[in-house]
Structures are given as structure tokens and as C-alpha cells.
Amino acid sequence: MSLLKEAIKQVLKKPVTIKYPFEPGIVPPGLRGKPIWDMSKCVLCVLCQNACPTSAIKMIPKGPDAGIIYWLDRCIFCAECADACPKKAIIITNEFELADFSRANMIYHYKKGEASQKK
Ligand code: SF4
Ligand code: SF4
């Protein structure tokens with residue numbers, strides 16, 4: 001009898017799952033998503049490159065391309081880079097829908113002095 005009661009209770013309950021991707025996903029607080037760089041704060045100190053366990057970051061120290069190259073397809077979203085940055089120039093966003101058809105689109109070049117956090 002209690003089994004029948006339990007079955008009826010479960011049938012009447014709202015499902016705990018969601019219809020993602022047909023409805024927005026639920027982003028839990030503190031989710032570590034894609035890191036982005038604020039190059040107006042970056043001093044090219046190389047600490048983020050050294051902290052990255054998957055070699056997803058390369059710093060270019062000089063020249064017209066000076067800045068940070070970031071390979072999204074190598075990143076494991078550990079946030080070690082942000083923790084290591086003394087200037088708080090790396091922001092860990094909650095962006096998690098990061099798939100792409102081309103790996104070339106997953107390479108970001110942040111140039112020194114740029115305030116924007118774009119590709
Ligand atoms: S989040 Fe982790 S893996 Fe991704 S770039 Fe930063 S240190 Fe590297
Ligand atoms: S983002 Fe931060 S840790 Fe990385 S080079 Fe710039 S200042 Fe240094």
C-alpha cells in the first residue's frame with residue numbers, strides 16, 4: 001500500500017529534469033565557465049601562463065601582438081589562472097555553452113591595452 005502511495009506521489013510531482021537545450025539551462029552559483037581577460041589591467045607578468053595546467057594560455061611579451069593567447073579547447077575551467085593573477089585581470093564567467101564547429105574559432109587573442117574582453 002505504501003508503495004502505491006509513493007508511486008502516486010511521484011507521478012503527481014513536477015519532473016526534476018529540464019528540457020535543456022529547448023529551455024535555458026540552470027547555472028548553479030559559483031560555476032566555473034569560460035575565463036575572459038581584461039587587458040586594461042594585465043601587466044603581462046606571465047603568472048597565468050605558468051599556472052595553467054593544460055597550456056591553454058600563452059603570453060606574447062612584446063611587439064604589435066603583445067598580449068595573451070587563450071585556447072578554449074584546451075581549458076579545463078579550473079580557474080588557476082584567475083587565482084594566480086595579481087591584477088585580477090582574469091574573470092571566470094559562468095558561460096558554459098562553448099561548443100563550436102571549428103577549433104580555430106576557439107582561439108582568443110587578447111591584445112595588451114584592450115579594455116574589451118573580445119576575441
Ligand atoms: S581555467 Fe585552468 S585550464 Fe583554463 S586557462 Fe585558466 S588555468 Fe588554464
Ligand atoms: S592576466 Fe594577470 S597573470 Fe596573466 S599576464 Fe596578465 S597580469 Fe599576469
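This passage describes the overall dimensions, the strand pairing and one ligand environment of a predicted model.

The chain of the predicted model comprises 3 helices and 5 strands by secondary structure, and these elements follow one another along the sequence in the pattern α-β-α-β-β-α-β-β. The radius of gyration of the chain is 21 Å, whereas a compact globule of 119 residues would have a value near 14 Å. Along the principal axes, the C-alpha atoms of the chain occupy a box of roughly 75 × 30 × 25 Å. Of the 119 residues in the chain, 14% count as buried. Among the contacts that link residues at least 6 apart in sequence, 74% are formed between residues at least 24 apart.

Strand pairing was examined next. An open sheet is formed by 3 strands in the order β2-β3-β5, and the pairing within this sheet is antiparallel. Because β2 (57-60) and β5 (107-111) stand at the edges, each with a single partner strand, one side of each is left without a neighbour in the sheet. From one strand to the next, the twist of the sheet averages 15°.

The antiparallel pairing of β2 with β3, the latter spanning residues 67-71, rests on 4 bridges. Within this pair, I60 is placed opposite G67 of β3, and K58 has I69 of β3 as its bridge partner. The two strands β2 and β3 form a hairpin in which 6 residues lie between them, and in the turn G63 adopts a positive phi of about 90°. On its pairing with β5, strand β3 is joined through 5 bridges, again in the antiparallel sense, and here W71 stands opposite I107 of β5. As a general point, side chains in a regular strand alternate between the two faces of the sheet.

The surroundings of ligand 2 were considered separately. Around this ligand there are 14 residues, of which C42, C45, L47, C48 and C85 come nearest. When the shell around ligand 2 is divided by class, 13 residues are nonpolar and 1 is charged, while no polar residues are present.

Key. Residues numbered from 1 in each chain as written. Chains lettered and ligands numbered in written order. Predicted model: local features only at pLDDT ≥ 70, side-chain atom pairs only at ≥ 80, totals over all residues. Near = placed C-beta within 6 Å. Nonpolar A, V, L, I, M, F, W, Y, C, P; charged D, E, K, R; others polar. Pairing = 2+ DSSP bridges. Axes fitted to C-alpha atoms, helices over the stretch in contact; angles between N-to-C directions. Rg over C-alpha atoms; globule rule 2.2 N^0.38 Å. Buried ≥ 20, exposed ≤ 12 C-beta atoms within 10 Å, placed from the backbone. Contact = placed C-beta atoms within 7 Å.
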